[in-house]
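Visitor: I've got a protein to look at, and I'm new to this. Could you show it to me and walk me through a few parts?

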Amino acid sequence: MTTPRSSAVFRADLLAGQVALVTGGGTGIGAAIARELGSLGAQVVIASRKASNIEPAAAGLSAELGRPVTGLVADIRDRESVAALVGETMARHGRIDLLVNNGGGQFLAPAETISPKGWDAVIATNLTGTWNLTRAVGDAWMLANGGRVVNITMLTGRGFPGMTHSVAARAGVEAMTRNLAVEWAPRGILVNAIAPGYIASSGLKRYPAGLAWAKQLQSAVPLKRLGTSEEIAWLVAFLASPGGGYITGQTLTVCGGRSLWGDHWPLPDPEPLPDIDVPAEPWEDDDGA
Ligand SMILES: NC(=O)c1ccc[n+]([C@@H]2O[C@H](COP(=O)([O-])OP(=O)(O)OC[C@H]3O[C@@H](n4cnc5c(N)ncnc54)[C@H](OP(=O)(O)O)[C@@H]3O)[C@@H](O)[C@H]2O)c1
């Protein structure tokens with residue numbers, strides 16, 4: 001028998017007794033979050049649309065952790081599916097202490113090429129899907145018993161060319177995070193968001209230029225590397241722990257300094273650049289005196 005996986009950062013029983021629901025928990029960042037929470041003693045449920053993602057991940061995580069991780073198929077865009085997911089999680093575990101809204105995605109596209117269907121799908125997944133889960137878990141457990149919600153977003157502060165739909169959705173999630181943190185504070189619910197920068201995870205492989213594109217992205221990061229899924233998972237675990245007890249309504253950025261510096265979408269200069277004209281006020285001489 002192999003030794004159950006342990007956290008590289010936190011003590012093994014940090015989240016013992018907690019039940020955590022992680023959307024998109026079968027791949028990439030979500031799987032790393034599920035692994036970290038499970039290694040800290042939480043009972044973990046992972047959920048996403050494809051059984052081909054969820055079933056092997058639930059089996060693999062269960063083997064790694066030495067105890068069961070539940071995998072459920074659900075589409076966060078579909079409220080009936082969300083109700084079934086939350087109902088099944090409550091039936092199995094009787095509580096949901098932590099909701100991690102990690103499930104999401106988009107496609108890279110210049111804004112003028114995004115179709116109405118494409119826009120609606122990205123908003124439905126990333127904004128409405130996050131709300132669907134949050135509201136359902138609130139109704140089923142947290143509004144009466146408290147809990148913590150962590151929303152995974154993306155860098156939105158300086159925009160993200162090629163991702164207009166997703167930036168709009170994620171900015172909506174971050175606004176919702178601030179709002180719910182205030183409205184639900186009296187219910188004992190803490191709501192935060194984590195905005196990852198460029199993370200070396202399964203999500204990057206979905207883009208046409210894939211890992212070649214990702215390699216170039218490193219030059220736009222002051223730390224000159226991509227982040228790891230574990231570096232997001234550790235912050236989720238901290239927010240779920242007593243260490244996160246006085247943090248709510250925040251978007252915490254994990255990006256190696258990317259949000260502060262650099263360009264990866266060059267914009268061509270006009271040729272030649274226009275001359276600078278500083279207009280004189282009517283009461284000034286032509287020379288500005
Ligand atoms: N990697 C990065 O650099 C990066 C940066 C910033 C933000 N993020 C965000 O972090 C999250 C995780 O990203 P990742 O890199 O791990 O990529 P990923 O592997 O593509 O993860 C997305 C997950 O969401 C699930 N999902 C998508 N639509 C869903 C739906 N309608 N209902 C339920 N589950 C759904 C997917 O599973 P199914 O296909 O089985 O549904 C998948 O497990 C995403 O929201 C992503 O946009 C990633």
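Visitor: How many residues does α2 have, and how far does it reach from its first C-alpha to its last?

Guide: Helices here are DSSP runs of H or I with at least four residues, and strands are runs of E with at least two, numbered from the N terminus. The expected span of a helix is 1.5 Å times one less than its number of residues, which gives 21 Å for α2. The helix comes close to that, with 15 residues and a reach of 20 Å.

Guide: A quick word on the model: it is predicted, so local features need pLDDT of at least 70 and side-chain atom pairs count only at pLDDT 80 or more, while totals for chains, interfaces and linings use all residues. Residues are numbered from 1 along each chain as its sequence is written.

Visitor: Which residues of α2 are buried, and what arc do they cover around the axis?

Guide: Buried means that 20 or more other C-beta atoms lie within 10 Å of a residue's own; exposed means 12 or fewer, and partly exposed is in between, with C-beta atoms placed from the backbone. In α2, the buried ones are Asn 53, Ile 54, Ala 57, Ala 58, Leu 61 and Leu 65. They sit on the same side of α2 because the arc, taken from the directions from the helix axis to the C-beta atoms, is only 110°.

Visitor: Which residues are exposed on the other side of α2?

Guide: Turn α2 around to look at its other side. The exposed residues there are Ser 52 and Pro 56.

Visitor: Which handedness does the crossover from β2 through α2 to β3 have?

Guide: β2 (residues 43–48) and β3 (residues 70–73) pair in the parallel sense over four bridges; strands pair if DSSP finds at least two bridges between them. Ser 48 stands opposite Val 73 in β3. With the strands pointing away from the viewer, a clockwise path from the first strand over the helix to the second counts as right-handed. The chain's crossover from β2 through α2 to β3 is right-handed.

Visitor: How many of the residues in β2 are buried?

Guide: In a regular strand the side chains alternate between the two faces of the sheet. Gln 43, Val 45 and Ala 47 point one way from β2, and Val 44, Ile 46 and Ser 48 the other way. The strand is mostly covered, and the buried count is six of six.

Visitor: What is the bridge partner of Ala 20 in β2?

Guide: β1 (residues 19–23) pairs with β2 in the parallel sense over five bridges. For Ala 20, the partner in β2 is Val 44.
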